[in-house]
Every structure is written in C-alpha cells, then in structure tokens.
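Got the viewer open? Load the model, keep the selection box handy, and follow along stop by stop.

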Amino acid sequence: MDTILSLLKIDLGILHNLRDPYFVKLLEGTVKELQRRGIKPDLKNADDQMLIADYASWVYRKRSEDSPLATNIQIRIRNRIIQERINKQNGISEA
C-alpha cells in the first residue's frame, strides 16, 4: 500500500505526511469499492496500483462536488470487470 500511497500523493502534489492517515483510509475505501464492483485488485500489479491511486485521487478532489466519475476511470473499471469475468470463465485465478 506504500507504493499506492506515494502515487496518490504525487498525483495530488503533496510532499508532507500530515494527511497520510486520511489517505490510507481513502485508499482502503477505494479498494473496497472496487471489490464491491467485482474487481479483485492486485496491490502488486502496476495497472491496479494506478487505478486505485487515480480513483482515490478523483474521490479526494471531487469529495465536495456532485459530479460523475471521470470517463477514463469508468472505462478502466469496466475493462477490469470484463477481465475478471473472462478469468473466471476460463478458470484463471488471480491472487
């Protein structure tokens, strides 16, 4: 999770550690949200790390707005859901 935390902070342009407890909870919530959508994120996979960091960054930036999820994140989530279904259909287990 440290790598994803670093990616999130780089994206947000934050260099200090004062908000790290909040960001860690934000990342944990993001992972849970992806799991509810049917995705099993691999925290060591670069694509999944970037998806989690980007999603959490969007949530952080838009937390006080009522705006739809960014299109690029929606597409990446849909692609991951499709990949999960293909893997399940083919009997492939990703741990």
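Start by selecting Phe23 and Tyr60: both are buried, where buried means under 20% relative accessible area, exposed over 50% and partly exposed in between, with a 1.4 Å probe and protein chains only. This is a predicted model, so local features need pLDDT of at least 70 and side-chain atom pairs count only at pLDDT 80 or more, while totals for chains, interfaces and linings use all residues. Residues are numbered from 1 along each chain as its sequence is written, and side-chain values use heavy atoms, with hydrogens and water left out.

**Stop 1: the rings**

Stay on that selection and show the rings. A search of the whole structure finds 3 aromatic pairs; rings of Phe, Tyr and Trp (its six-membered ring) pair if their centres lie within 6.5 Å, and planes under 30 degrees apart count as stacked, over 60 as edge-to-face and the rest as tilted. The ring centres of Phe23 and Tyr60 are 5.3 Å apart and the planes meet at 75°, so this pair is edge-to-face. Phe23 belongs to helix 2 and Tyr60 to helix 3, so the pair ties together parts that are 37 residues apart in sequence. Helices here are DSSP runs of H or I with at least four residues, numbered from the N terminus.

Add Tyr22 to the selection: Tyr22, Phe23 and Tyr60 form one aromatic cluster. Then add Arg63, which lies over the face of Tyr60 at 4.0 Å from the ring centre. For a charge to sit over a ring, NZ of Lys or CZ of Arg has to be within 6 Å of the ring centre and within 35 degrees of the ring normal.

**Stop 2: helix 2**

Now select residues 20–36, which make up helix 2. How far apart are the end C-alpha atoms of helix 2? They are 24 Å apart, which agrees with the 24 Å that 17 residues should span at 1.5 Å a residue; the expected span is 1.5 Å times one less than the number of residues.

Colour the buried residues of helix 2 next: Asp20, Phe23, Leu26, Leu27, Thr30, Val31 and Leu34. They cover an arc of only 140° around the axis, so they sit on the same side of helix 2; the arc is that of the directions from the helix axis to the C-beta atoms. Rotate to the face turned away from the buried side and you find the exposed residues Pro21, Lys25, Lys32 and Arg36. Helix 1, helix 3 and helix 4 are among what covers the buried residues of helix 2.

Click Asp20 on its own. Asp20 has a relative accessible area of 15%, so it counts as buried. Leaving out residues up to four places away in sequence, Asp20 touches Leu5 and Lys9, a contact being heavy atoms within 4.5 Å. Then go just past helix 2 to Gly38, which takes a positive phi of about 100°.

**Stop 3: Ile52 and Gly13**

Jump to Ile52 in helix 3. Ile52 is buried, at 0% relative accessible area. Not counting residues up to four places away in sequence, Ile52 touches Ile4, Leu27, Thr30, Val31, Leu34, Pro41 and Leu43.

For contrast, pick Gly13 in the loop between helix 1 and helix 2. Gly13 is exposed, with a relative accessible area of 56%.

**Stop 4: salt bridges**

Side chains of opposite charge can pair when their charged atoms come close. How many salt bridges does the structure hold? There are 9, each being a side-chain nitrogen of Lys or Arg within 4 Å of a carboxyl oxygen of Asp or Glu.

- Select Asp11 and Arg61: their closest N and O atoms are 3.5 Å apart. This pair links distant parts of the chain, 50 residues apart, with Asp11 in helix 1 (residues 2–12) and Arg61 in helix 3 (residues 46–61). Asp11 is partly exposed at 34%, as is Arg61 at 43%.
- Select Glu84 and Arg80: here the closest N and O atoms are 3.2 Å apart. Both residues are buried. They are 4 residues apart in helix 4 (residues 71–89), so about one helical turn separates them.
- Select Glu65 and Lys62: the closest N and O atoms of this salt bridge are 3.6 Å apart.
- Finish with Glu33, Arg36 and Arg37, which are linked in a network of salt bridges.

Conventions:
Helix = DSSP H or I, 4+ residues; strand = E, 2+ residues; numbered from the N terminus.
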